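Dear colleague,

Please find below the structure that I am handing over to you, together with its sequence. My notes on what was found in it follow directly after.

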Amino acid sequence: MKARYSLVVVGAGPAGMAAARCAAAHGVDVALLDEQERPGGQIYRSVDDSPLSDPSLLGSDYLYGRQHVAEFRNADIDYFPGTTVWNLDRNRDVSVLVDGKSRGLGADRIVIATGAQERPMPVPGWQLPGVMTAGAGQILLKSAAIVPPDDVVLAGSGPLLLLMASQYLKAGVGIQAILDTTPRSNRPGAVRHLIGALESASYLAKGMGLIASIRQSRVPVYKEVTALNAHGDEVLEAVRFNSRGRDHELPTGTLMLHIGVIPQVHLAMAADCEVRWDEAQLCWRPGLDQWLCSTVPGIGIAGDGAGIVGARASQLQGRLAGLQCVYELGALTRDQRDLKAVAIRKTLDKHLAIRPFLDSMYRPSPEFLTPVDDTMVCRCEEVSAGEIREIARLGCQGPNQAKAFSRCGMGPCQGRQCGSTVAALIAEVQGRKISDVGYYRVRPPVKPITLGQMGNS
Amino acid sequence: MFRTLTTVRRNLIRFTLDGQFHQAPAGISVAAALLTAVRFSRRSVVSGRGRGPYCMMGTCFDCLVCIDGEPNQQACMVTLREGMNIETQTGIRDLDTGTTADMD
Ligand SMILES: Cc1cc2nc3c(=O)[nH]c(=O)nc-3n(C[C@H](O)[C@@H](O)[C@H](O)COP(=O)(O)OP(=O)(O)OC[C@H]3O[C@@H](n4cnc5c(N)ncnc54)[C@H](O)[C@@H]3O)c2cc1C
Ligand code: FES
């Protein structure tokens with residue numbers, strides 16, 4: 001690893017790989033850092049080293065990643081796997097942790113491509129062992145060929161939940177039931193975006209295919225699920241819920257939750273990039289111009305970390321961000337950049353056309369945004385929704401103050417699992433907007449590092 | 001308990017979990033291996049209740065274990081290696097020192 005590069009890209013998912021390849025193809029000296037041991041990001045996890053004897057059960061979108069990863073590996077890029085970026089500042093100084101040792105490197109340009117995390121889905125009992133995210137289940141399947149016992153229950157909403165259910169069925173996992181929490185009231189709003197979504201007809205066709213494959217499997221699907229909660233003494237024993245007015249209880253040791261994904265903005269926030277509340281996607285996302293430049297000079301942000309767009313659009317955004325760096329570094333003229341971007345933007349628009357439909361169709365139910373009082377909101381410090389409501393009534397102004405009132409958000413996850421819920425609860429009690437209540441202030445390190453490791457640098 | 005698909009294309013490697021020998025396919029994460037062996041892998045430092053891996057991608061910290069003597073490692077972000085000694089953190093962590101005191 002050199003002490004300085006013209007471009008440092010963080011994240012080897014579709015966005016980061018594309019940004020790095022684009023820059024390398026124009027002769028830019030580029031490093032790509034990723035904490036995972038293999039390239040591919042979330043969607044293409046383990047794609048060039050699958051433990052599955054038949055990776056095609058994961059679907060054609062997954063297999064598409066093979067070529068992308070192979071081309072990335074052949075490009076002239078200094079790729080550093082197993083390298084966690086624990087800080088980035090506004091002067092583009094990068095701090096990384098490799099093999100338990102911290103070190104720093106500088107860059108003329110940065111592209112942050114750290115992707116998304118699953119949206120927290122707080123329900124009573126979600127902290128019990130045996131409850132995990134659907135994404136976690138998918139990671140186990142993709143990277144370890146490990147699957148849950150045959151009584152697994154999937155609950156939530158959104159395209160990734162459907163995809164994951166169909167992957168499990170193809171892998172021979174016996175799903176006990178799927179609990180669909182998509183509110184019926186989302187439909188009229190979504191239908192309004194259906195015409196626009198026809199621009200990305202292939203997504204609609206894929207979605208219908210997934211729904212059809214689940215229907216064919218005869219796995220029971222409970223619709224319009226509300227009042228979801230997990231029960232158990234030491235570990236999960238049962239899931240209780242209401243579906244279309246009737247109460248149900250399913251005994252199970254494994255519950256997998258999912259209500260969509262949200263951008264991971266911690267690194268961008270550490271670097272002082274401005275983030276804004278997005279009411280359509282119900283998440284914080286960085287403010288960017290049309291070249292994906294953040295509000296901090298020299299730092300671009302691409303892919304799902306910039307707002308949820310999906311894997312193919314993330315790849316295209318990565319190319320745009322790459323082109324912009326090449327232009328700023330002087331290896332392309334403005335006209336050359338603009339010309340190269342025309343075709344990319346045209347394809348990107350096609351992939352983005354489905355988003356307003358998906359965002360409104362799978363908008364999470366308020367039940368999971370402002371959960372009932374006995375839900376543990378902060379898993380690390382074990383602070384309940386009731387306690388947050390109480391401190392909001394006492395006048396707590398926002399998430400940062402909530403830390404002082406309750407220790408909420410002070411645990412090792414640094415608010416990744418509670419930040420959005422705390423803000424939504426305070427907004428609810430005080431009748432304010434989430435954009436006004438705000439988010440936790442993010443301070444380095446954005447990834448855990450011990451004092452000893454820091455001292456190694 | 002989670003299971004490995006019978007068709008898995010990996011060699012098996014050996015590791016210890018709380019002193020007991022176990023086997024798992026090479027290349028998987030420590031958290032994946034834990035899920036095939038135990039129902040929970042740590043206790044909350046606040047209430048002492050059981051917890052296990054939740055997100056598998058480094059965002060929740062519910063997978064913390066002690067690996068080869070080093071406590072508070074994110075099991076989902078560490079690849080399992082031959083001969084690793086893994087200990088579940090079922091004691092209550094002393095918040096000031098990060099060390100673990102036994103519960104029972
Ligand atoms: C668990 C999960 C599973 C998903 N599965 C699918 C799927 O099967 N199909 C689908 O269409 N979409 C899936 N998605 C949605 C996903 O966001 C894709 O749209 C796509 O992977 C986004 O590409 P990206 O390049 O923006 O980010 P990602 O692919 O998420 O890549 C980001 C990369 O950044 C790295 N990274 C993050 N922070 C740091 C740091 N501080 N230091 C170093 N490296 C860092 C990560 O290790 C990761 O490799 C999934 C999302 C999640 C969260
Ligand atoms: S399982 Fe969430 S951080 Fe490891």
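What percentage of the 104 residues of chain B count as buried? The share is 51%. Please bear in mind throughout that this is a predicted model.

**Chain B**

The secondary structure of chain B consists of 1 helix and 10 strands. In sequence order, these elements follow the pattern β-β-β-α-β-β-β-β-β-β-β. Among the contacts of chain B with a separation of 6 or more, 41% are made by residues 24 or more positions apart. The surface that chain B exposes comes to about 4,800 Å², and carbon and sulfur atoms supply 45% of that area.

Two residues of this chain may be read together. B:Leu64 belongs to strand β6, which covers residues 64-67. With a relative accessible area of 6%, B:Leu64 falls under the 20% limit and is therefore buried. Once its neighbours within four places in sequence are set aside, B:Leu64 is in contact with B:Ser41, B:Arg42, B:Asn72, B:Gln73, B:Gln74 and B:Gln89. B:Gln20, by comparison, is 44 residues from B:Leu64 in sequence, and the C-alpha atoms of the two are 19 Å apart in space.

One of the contacts of B:Leu64 is B:Asn72, which lies in strand β7 (residues 70-74). B:Asn72 has a positive phi of about 60°, although it is not a glycine. Its relative accessible area is 26%, so B:Asn72 counts as partly exposed.

**Chain A: overall form**

Chain A contains 17 helices and 22 strands. For its 457 residues, a compact globule would have a radius of gyration near 23 Å; the value for chain A is 22 Å, which agrees. Along its principal axes, the C-alpha trace spans about 65 × 50 × 45 Å. Buried residues account for 60% of the chain. Of the contacts in chain A with a separation of 6 or more, 68% involve residues 24 or more positions apart.

The accessible surface of chain A amounts to about 17,900 Å², and 51% of it belongs to carbon and sulfur atoms. As for charge, the chain has 48 positive and 46 negative charges, whose mean positions are 5 Å apart.

**Aromatic pairs**

Over all chains, a search of the whole structure finds 7 aromatic pairs. In one of them, A:Tyr222 and A:Phe241, the ring centres are 5.0 Å apart and the planes stand at 75°, so the pair is edge-to-face. This pair links distant parts of the chain: A:Tyr222 is in strand β12 (residues 221-222) and A:Phe241 is in strand β14 (residues 238-243), 19 residues apart. A:Phe241 has a relative accessible area of 2% and is therefore buried.

The rings of A:Tyr439 and A:Tyr440 also form a pair, with centres 5.8 Å apart. Their planes are at 65°, which makes this pair edge-to-face because the angle is over 60 degrees. Both A:Tyr439 and A:Tyr440 are buried. Ring pairs link these two tyrosines with A:Trp277 and A:Trp284 into a cluster.

**A buried glutamine**

A:Gln167 is placed in helix α4, which covers residues 159-170 of chain A. Is this residue buried or exposed? Its relative accessibility is 2%, so A:Gln167 counts as buried. Apart from neighbours within four places in sequence, A:Gln167 is in contact with A:Leu57, A:Leu58, A:Gln138 and A:Leu141.

**Backbone features in chain A**

Most residues other than glycine have a negative phi, and most peptide bonds are trans. Two places in chain A may be viewed against that background.

A:Arg218 is not a glycine, yet it has a positive phi of about 65°. This arginine is found in the loop between α7 (201-217) and β12. At 75% relative accessibility, A:Arg218 is over the 50% limit and so counts as exposed. Strand β12, at one end of that loop, is also the strand that holds A:Tyr222 of the edge-to-face pair described above.

The other place is the peptide bond between A:Pro444 and A:Pro445, which is cis, with an omega of about -5°. A:Pro445 lies in the loop between α16 (434-437) and α17 (451-455).

With kind regards

Methods:
Residues numbered from 1 in each chain as written. Chains lettered and ligands numbered in written order. Predicted model: local features only at pLDDT ≥ 70, side-chain atom pairs only at ≥ 80, totals over all residues. Heavy atoms only, no water. Helix = DSSP H or I, 4+ residues; strand = E, 2+ residues; numbered from the N terminus. Rg over C-alpha atoms; globule rule 2.2 N^0.38 Å. Buried < 20%, exposed > 50% of the residue type's maximum accessible area, 1.4 Å probe, protein only. Contact = heavy atoms within 4.5 Å. Areas by Shrake-Rupley, 256 points an atom, 1.4 Å probe, with all protein chains shown as cover. Lys, Arg positive; Asp, Glu negative; His and termini not counted. Charge placed at Lys NZ, Arg CZ, Asp CG, Glu CD. Phe/Tyr/Trp six-rings, centres within 6.5 Å; stacked < 30°, edge-to-face > 60°.
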